[in-house]
Amino acid sequence: MLERFRDGYYKKEVEAVRHAPNAKEQDRLKRQCSCITVSCKGTKRSKDGVTQHSGFAAIDIDEKDNPGIDMVSKRKEIASDSYTFSVFHSIRGKGLCAICRIPSEDHEASYRALMLYFSEKFEVKVDSTPDVARARFVTYDPDLYLNIKSDVFDEVLPEPKKSASIRNYYPAATVPQSYGQIALQNAIRKIYEAAPGEKHNVRKRMSFWLGGLVATGFLNQYEAVEGLMEAVMQSSPQSAWSSAKKTIESGIREGSKKPILPDPVKDSVYCSKRDYEQKELVAQKIAVSNGGNAQEILRAVTDIYEEREQTILAFWEVIIKEEKGTYTLKLSRVKYNAFLQSSGFRKYRVGKSCIFVQVTNNVVRAVARDQIKDFVMAYLNELPYMFDNIFRSQLIDQVQREHKQFFDEGQLEFLEELPDNFVRDTKAKAYFFFRNGFAEVTKENAHLMDYSNLPGLIWEQQIIQHDFHTIDIDEVAEQCDFNRFLFHISNKDEKRYITLTSAIGYLLHGYKAPANPKIVILVDEAISEAPNGGTGKGLVFKAISKMLSVCTIDGKMVDFRDKFALQGVSEATRVLMFDDWDGKRLSFDKLFVMATGDMIINQLYHGQRVLPYELSPKIGITTNDMVGGEGASNARRKFEVEIAPYYSDTFRPSDEFGHEFFSDWSEEDWNLFHNLMLGCCRSFLAVGLRASAPVNINRRKLLQETSTEFAEFCDSLSRDWLYYRHEVWRDFIDTYSIKDTDLKFKDFGRWLNLYFKYQCTSVESGKTQTIGQYKDKYWFKITA
């Protein structure tokens, strides 16, 4: 098949795609091209149809996912890798496809590890779909690279379960606690603990490092190879051992060309350098004291002596007393505060309290004190071995001894306060942030802009980890599976579809109107005593969560008496969603307060914060019940959307569309989805929330306030017939054997009024004025 790609068997149909006048026509032609499956043979193009694995996996590197990358140079780099079986241009002629050998036992685990390997080694974004039966379009590439002797990539993700201890895998030390043995044990530990996708690189780094110690004679080469291979055999499958040994032997061979000294010995050399001792004498002392290769030890000492002295003094100073030959290290809190601020750390006020944040290129992320500590320690660990006449280890030791003075809340509160200059949606505009720019959405259009035009700060959580490109609305309607899903759960009714998409647009628009905030309620259309779920309500909110930050709370378990009930809400949260709201147990009054006023957030160990109304999230609900709370004020706050029973637990969207939403999508699928969501927002900005005629909402409300027997009894009443309330009440309680103390006449009258409200469009009623048995009795007549 690869020879056909190279020799032009598919040249005509591929070049038709490449020379298409626009992207839409290119997509149309592409769908008409032939397809193959790289990883398997099968009876059908799905996982359960696979009959034989091919032993290969294909990695896609799309140009649109890797802006600014020179694909010609990247192709050469990938071709030079020992794992690359083939690399060639994809059907459009812009992206790349690399094929590698993998074991056939666990395709998905191998693919995930291979994807991570390509991402880290070649610094590219690759397609993250590990479908073994995934089809790919044919192509034409006369320069297709092929290496039939490529190595098998045998790493997997996740890796096999680790043992509780790694000490058993260390080789016995020939010289207990020698410098070389300590280094070897550290290298073994790093290889054993290496993450999938990083194992190859860790083996190279560790073997190169030990090679330097082999050169100076602090470690025996045979012992180094045996020790590292022991770690490999305990942490990787047998199929990886051969290539790992080659990597280790090569790394040690290359590392021995750059002799190094163990850290404690290196410390003594730096001190000797500082005291102006002759390097030859220093090298001789080391060789005499520790044995080893005197010539290579001199080379290592010479390298240290030739290093330029570095002055850093970030938040410390070194006091030199020349007469005594001493160096005193002193940490400065003022300089430390300046260091943190130069690294982007600030405090940010939320209500009456403050949180700590870090700002990088106008992107803000909330940080805890331990994360600030991690940042500082990472900075210190990257410093040179020696600088400012001190060792790196000395500075780290000093910071750790004085950590309470540098990382306590009191010290951090001296940071400057970050001004509240965040980009926020306005009444007429909404903003969405992608990897390749931010989209400004108005009722007229969605316009992608460069981040250099960003008018303020944004939260890190607001960045959607995909690129965005605008697509014609007709193409979205035709090709976007999620759009068809929304239409289906609207019972394929255009008016109900507009209601649902306007609700989505409302939640996506971050601006909160001061006068009339709404709570969006998704409720099942079908009425059942034992609802099965699976209708798609949760998928709607999951879709919203792919666009902005959503905090989800279990509506069956939430207890508003718990002051920490909302602790998952942060300053970046844009929607607060109560999933599976228990309408029989929970009162709407609490949501009414949240929706119309400031939101009080209590977080364990972090105290109380108050989110002002305009910064607090909008609220959404999914439920099989009705959300209680009557009266004009409550009714104005609700926007109820009925979800049709098109899908169920036995017929899911994946059964219809052939893949799972979100997890199985390509970048093309994501872009269609993002255009759909921005289209919902545009529609809302243009026309607002659009309600449609209720199907069963009113019936649900009646049943929640009364009973099924009462509703059915009233349904049986004749229309255009005069009834007296007291007689109907008596008839009802007699029919269902209810004691008059269990349903008093006054309560029955309230139930009747609810039936008239929810189920009737026209009712006549009054009080009899004539003399007789019905004098002063109340009557009613249902006319429609």
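## A walk through two sheets and their neighbours

Let us begin with a pair of strands: β17 (residues 437–441) and β18 run antiparallel to each other and are joined by four bridges. Helices and strands here are DSSP runs (H or I over at least four residues for a helix, E over at least two for a strand), numbered from the N terminus, and two strands pair if DSSP finds at least two bridges between them. Before going further, please note that this is a predicted model, in which local features need pLDDT of at least 70, side-chain atom pairs count only at pLDDT 80 or more, and totals for chains, interfaces and linings use all residues. Residues are numbered from 1 along each chain as its sequence is written, and side-chain values use heavy atoms, with hydrogens and water left out.

Back to our pair: Glu-440 has His-447 of β18 standing opposite. These strands belong to an open sheet of four, ordered β18-β17-β16-β20, with mixed pairing. At its edges are β18 (446–449) and β20 (463–464), each of which pairs on one side only. As a general point, strands of a sheet pair through backbone hydrogen bonds, either parallel or antiparallel. Across β16 (430–434), β17, β18 and β20 lies helix α25 (residues 667–687), running at about 170° to β16. Such angles run from 0 to 180 degrees between N-to-C directions, and the axes are lines fitted to C-alpha atoms, for helices over the stretch in contact; contact means heavy atoms within 4.5 Å.

Now move on to another open sheet, this one with five strands in the order β22-β23-β26-β21-β27 and with parallel pairing. Its edges are β22 (550–554) and β27 (638–643); each has a single partner strand, so one side of each is left without a neighbour in the sheet. Ignoring direction, neighbouring strands of this sheet are turned by 20° against each other on average. If you look at β22, you will find five bridges joining this strand to β23 (residues 575–579), in parallel. Which residue of β23 is the bridge partner of Val-550? That partner is Val-575.

Helices accompany this sheet too. Helix α21 (residues 537–545) packs on the sheet and touches β21 (519–524), β22, β23, β26 (618–623) and β27, with a direction that makes about 145° with that of β21. Helix α22 (residues 588–596) lies across β21, β23, β26 and β27, and runs at about 155° to β26.

Helix α21 also has a helical partner. Two packed helices are described by the angle between their axes and the distance between the axes. For α20 (residues 494–508) and α21, the angle is about 35° and the axes are 10 Å apart. The crossing of α20 past α21 is right-handed, a term used when the near helix is turned clockwise from the far one by less than a right angle (left-handed if anticlockwise). On the α20 side Ile-504, Leu-507 and Leu-508 take part, meeting Val-540, Phe-541 and Ile-544 of α21.

Next come the charged pairs. Side chains of opposite charge can pair when their charged atoms come close. A salt bridge is counted when a side-chain nitrogen of Lys or Arg is within 4 Å of a carboxyl oxygen of Asp or Glu, and the total comes to 31 salt bridges. One of them joins Lys-701 and Glu-640 (3.2 Å, N to O). This pair links distant parts of the chain, 61 residues apart: Lys-701 is in helix α26 (residues 697–705) and Glu-640 in strand β27. Are these two residues buried or exposed? Both Lys-701 and Glu-640 are buried, where buried means under 20% relative accessible area, exposed over 50%, and partly exposed in between (1.4 Å probe, protein chains only).

Another salt bridge joins Arg-561 and Asp-559, at 3.1 Å from N to O. Arg-561 counts as exposed because its relative accessibility is 75%, while Asp-559, at 31%, is partly exposed. Lys-775 and Asp-776 also meet in a salt bridge (3.4 Å, N to O). Lys-775 is partly exposed at 38%, and Asp-776 is partly exposed at 39%. Asp-776 sits in the loop between β29 (763–767) and β30 (778–782) and has a positive phi of about 65°, although it is not a glycine.

Finally, visit Gln-398 in helix α15 (residues 392–401). With 11% relative accessibility, Gln-398 counts as buried. Apart from neighbours within four places in sequence, Gln-398 is in contact with Leu-329 and Leu-331.
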